Amino acid sequence: MPLETPARIVQELTSRGYNADLEAVTLLASAPDPGAAVERAVESAPEDALKLSVGHVRSVLDAPSSTDTNPSASGGASSIESIANGTDSPVETKGSMSRTLTEQSVDIVNDMTGASTGTGEYDDFVTVFRDRFQRLSGKLRGRVNARPTNAVASMPGGSDAAIVGMISDIRSTASGHWLVELEDTNGTFPCLIMKDKEFAGVVDELLLDETIAVEGTLSGDAGILFVDSLHFPDVPRTYRPSTADRHVQAALISDVHVGSQEFMADAWHRFTSWLHTEEAEHVEYLLICGDMVEGVGIYPNQDEELDIIDIFEQYEQFSEYLKEVPGDLEIIMIPGNHDAVRLAEPQPGFDDELRSIMDVHDARITSNPSTVTVDGVSVLMYHGVSLDEVIAEMPAEKASYEEPHKAMYQLLKKRHVAPQYGGHTRVAPEDKDYLVMDEVPDIFHTGHVHKLGFGKYHNVLAMNSGCWQSQTDFQKSVNINPDSGYAPIVDLDTLDVTVRKFA
């Protein structure tokens, strides 16, 4: 069966006004005569049906047909080659170029869609920060013999001590040292990091509200802890990622921005056309990390840069572009800050109205962030608004827009996708902190900053996948030069990356 068969079937059904379940497309594609099967499925569809179900297609395939004994009766052979290859003559292929959908495996965890409990009351914030502290401190207590802050305060001067706490304040002293205030559920305690310590260079990586552990010696009056070592929750250096047990690939993209005058439609067409080629036969997953559309009212004078001014029409157009993707790809999407969901993180997946617009290929929609496991490889998908904050707070050699993956390394080190509260990143209080990285992902995928960058941190592949929008006037005003029209392709069996450019 030629590679393009499922995609051509989707296109043929769409041209006749029908959609179909992913499994239904697979059944049609696997029929001995897919062209005839499509004809029979459409002809026998209920009058009010807009979507062909698996049950309907299966009943059609199981029923006897005149074409079973007389293949030339409906011209089936030539019509399927037209669907499969866009030509009227058969095209010879070698081997099986089709994606085997029965082998695809997808699991989603940490999806908070429909589970929001926060009301914005004070107690909600206390709950979410207590949950964050409990989970992150648990990753540190095995490394240090920590005691609560009130217990440390009662220890004699000169004692060795360790504290696990959230950073409530960082300030430099007149002598050039740093005073870090750590807070736990029992109180706060001042910790002094001397500028001549070997690890003093990590001070410029510290962010308010992140959880760390320190060890050191109490001053003579036990009023301050002189820090000798500092620990982050971090990814263990011994971490070994999981990989797929077959050769399968995933395309990681983000920031499509349909509706913008600068959306790169030609590049998108080249990308989706490439997905139909033999070269892309192992690409079975498409992971889109937020900002499907340009949105409305996101930044000043945005309306002057819009090609589509109605938000629902933007999503309808995005859905049309999504139809160009082969029908046998598993598509997983999370929202971003330009999408029509709440801005505060975690962001729930799209509501039912938008899901009904974007139901092409039965795309899976989950919250921002979420962890998606495909063929045994876990991918933490996070749109990436907090990257702006990390880049603003840290030296360029540790986090920059030109190398966005380095900012991602910092989030992996802190085991939290948005550690600092009260800055650029809006955080919604829930009954748990959905932004904590409980488990180490095999791949960390972000977008938002419109820059391409990737690398490995303690064997975790960090990938920021660029965008599909050329430079807008607003981006020019804030000195953002986007990396547009790129599609990083990840081999899930090796975690190797090939970047393809379509612009």
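This is a guided tour of the structure, moving from the whole chain to single strands, loops and residues.

The model is a predicted one, in which local features need pLDDT of at least 70 and side-chain atom pairs count only at pLDDT 80 or more, while totals for chains, interfaces and linings use all residues. Residues are numbered from 1 along each chain as its sequence is written, and side-chain values use heavy atoms, with hydrogens and water left out.

**The whole chain**

Begin with everything displayed as a cartoon: the protein has 13 helices and 19 strands, where helices (H or I, at least four residues) and strands (E, at least two) are DSSP runs numbered from the N terminus. Of the 503 residues in the protein, 56% are buried, a word that here stands for under 20% relative accessible area, as against exposed for over 50% and partly exposed for values in between, with a 1.4 Å probe and protein chains only. If you draw the contacts (heavy atoms within 4.5 Å), then among those between residues at least 6 apart in sequence, 71% join residues at least 24 apart.

**Strand 9 and its two partners**

Select residues 249-253, which form strand 9, and note that 5 of its 5 residues are buried. Both faces of the strand are covered, with Gln249, Ala251 and Ile253 on one side and Ala250 and Leu252 on the other.

Now add residues 283-289, which are strand 10, running parallel to strand 9 and joined to it by 5 bridges; strands are taken to pair if DSSP finds at least two bridges between them. Add also residues 486-491, strand 18, which runs antiparallel to strand 9 and is joined to it by 3 bridges. Alanine 250 is a convenient residue to centre on, since it stands opposite tyrosine 285 in strand 10 and also opposite valine 490 in strand 18.

Including helix 8 (residues 265-275) in the selection completes a right-handed β-α-β unit made of strand 9, that helix and strand 10. Right-handed means that, with the strands pointing away from the viewer, the path from the first strand over the helix to the second runs clockwise.

Continue along the chain to aspartate 255, in the loop between strand 9 and helix 8, which has a positive phi of about 55° although it is not a glycine. Aspartate 255 counts as buried because its relative accessibility is 0%.

**Aspartate 339**

Next select aspartate 339, in the loop between strand 11 (330-334) and helix 10 (352-357). What is the nearest side chain of opposite charge to this buried residue? It is arginine 355, 12 Å away, and aspartate 339 has no salt bridge; charge is assigned with Lys and Arg as positive and Asp and Glu as negative, leaving His and the chain ends uncounted, and a salt bridge needs a side-chain nitrogen of Lys or Arg within 4 Å of a carboxyl oxygen of Asp or Glu.

Display the backbone atoms around it as well: the side chain of aspartate 339 reaches the backbone nitrogen of aspartate 291 at 2.7 Å, and a polar atom of that side chain lies 3.2 Å from the backbone nitrogen of methionine 292. Residues touched by aspartate 339, not counting those up to four places away in sequence, include Gly290, Val293, Tyr315, Ile334 and Phe350.

**Two cis peptide bonds**

In the loop between strand 11 and helix 10, select proline 346; the peptide bond leading to it from glutamate 345 is cis, with omega near 5°. A further cis bond, with omega near 0°, runs from asparagine 368 to proline 369, and proline 369 lies in the loop between strand 12 (364-365) and strand 13 (370-374).

**A hairpin and valine 440**

Move to strand 16 (residues 452-457) and strand 17 (residues 460-465), which pair in the antiparallel sense over 6 bridges, with valine 460 in strand 17 as the bridge partner of tyrosine 457. The two strands form a hairpin with 2 residues between them, and histidine 458 in the turn has a positive phi of about 50°.

End at valine 440, in the loop between helix 12 (404-414) and strand 15 (443-446), which counts as buried because its relative accessibility is 15%. Leaving aside neighbours within four places in sequence, valine 440 is in contact with residues including Val235, Pro236, Tyr239, Arg415 and Val460. Serine 378 is another of its contacts, and the C-alpha atoms of valine 440 and serine 378, 62 residues apart along the chain, are separated by 8.6 Å.

Definitions and conventions. A polar contact is a pair of N or O atoms within 3.5 Å; within protein, one must be able to donate a hydrogen and the other to accept it, and residues adjacent in sequence count only if both atoms are side-chain atoms.
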